[in-house]
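Me: I would like to go through this structure term by term, asking what stands behind each label. Please set each value against its definition before you conclude.

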Amino acid sequence: MAEVRIGPELMAKAVNHPDIPGALQQVADRIASRARGLAASEGVEMNVTTQGGVRPQGRPYVNVVGDNVDQEWGTTRSGRRRILGRAAEGG
């Protein structure tokens with residue numbers, strides 16, 4: 001069986017493929033949609049957005065961001081809901 005080596009050149013080609021940013025955005029949009037649904041069903045006020053860019057070494061990324069941090073980890077005044085975490089897990 002032939003041996004396959006994944007080196008820096010192949011990785012650079014992969015992360016710079018023109019379809020990567022769009023695919024990342026599609027995944028982020030699905031997660032954001034699930035997060036919005038969870039927040040609405042649980043009565044949690046939270047705006048969910050996506051933010052994309054390119055890391056310093058050239059890798060593209062898209063993050064799903066919520067503006068209600070307290071619900072994710074909980075505080076002495078609010079319970080831990082983990083809406084973004086559960087949305088990212090798919091459940």
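Reply: Glu42 makes a good start, since at 23% relative accessibility it counts as partly exposed, the class between buried (under 20% relative accessible area) and exposed (over 50%), taken with a 1.4 Å probe and protein chains only. Please keep in mind that this is a predicted model, in which local features need pLDDT of at least 70 and side-chain atom pairs count only at pLDDT 80 or more, while totals for chains, interfaces and linings use all residues. Residues are numbered from 1 along each chain as its sequence is written, and side-chain values use heavy atoms, with hydrogens and water left out.

Me: What makes Arg81 and Glu42 a salt bridge?

Reply: The term asks for a side-chain nitrogen of Lys or Arg within 4 Å of a carboxyl oxygen of Asp or Glu. The closest N and O atoms of Arg81 and Glu42 are 3.4 Å apart, so the pair meets the definition. The two partners come from distant parts of the chain, 39 residues apart: Arg81 sits in the loop between α3 (69–73) and α4 (83–89), and Glu42 in the loop between α2 (20–41) and β1 (48–54). The helices and strands named here are DSSP runs numbered from the N terminus, a helix being H or I over at least four residues and a strand E over at least two. Arg81 has a relative accessible area of 36% and is therefore partly exposed.

Me: How many salt bridges does the structure hold, and which residues meet in them besides that pair?

Reply: The structure holds 4 salt bridges. Among them is the one between Glu3 and Arg5, with the closest N and O atoms 2.8 Å apart, and another in which the side chains of Glu89 and Arg82 meet at 3.2 Å, N to O. Salt bridges that share partners also join Glu42, Arg81 and Arg86 into one network. As a general point, side chains of opposite charge can pair when their charged atoms come close.

Me: Why is Glu3 called exposed, and which class does Arg82 fall into?

Reply: Glu3 has a relative accessible area of 60%, which is over the 50% limit, so Glu3 is exposed. Its partner Arg5, at 69% relative accessibility, counts as exposed as well. In the other pair, Glu89 is exposed at 58%, whereas Arg82, with a relative accessible area of 23%, is partly exposed.

Me: What is Asp70 in contact with, leaving aside its neighbours within four places in sequence?

Reply: Contact means heavy atoms within 4.5 Å, and on that footing Asp70, which lies in helix α3, is in contact with Thr75, Ser78 and Gly79. Asp70 counts as partly exposed, because its relative accessibility is 42%.

Me: How do you know that the chain is more spread out than a compact globule?

Reply: The chain has 4 helices and 2 strands, which follow the pattern α-α-β-β-α-α along the sequence. Its radius of gyration, taken over C-alpha atoms, is 17 Å, whereas the globule rule (2.2 Å times the number of residues to the power 0.38) gives 12 Å for 91 residues; the value is well over the rule, so the chain is more spread out than a compact globule. Along the principal axes, the C-alpha atoms fill a box of roughly 55 × 30 × 20 Å. Of the 91 residues, 20% count as buried.
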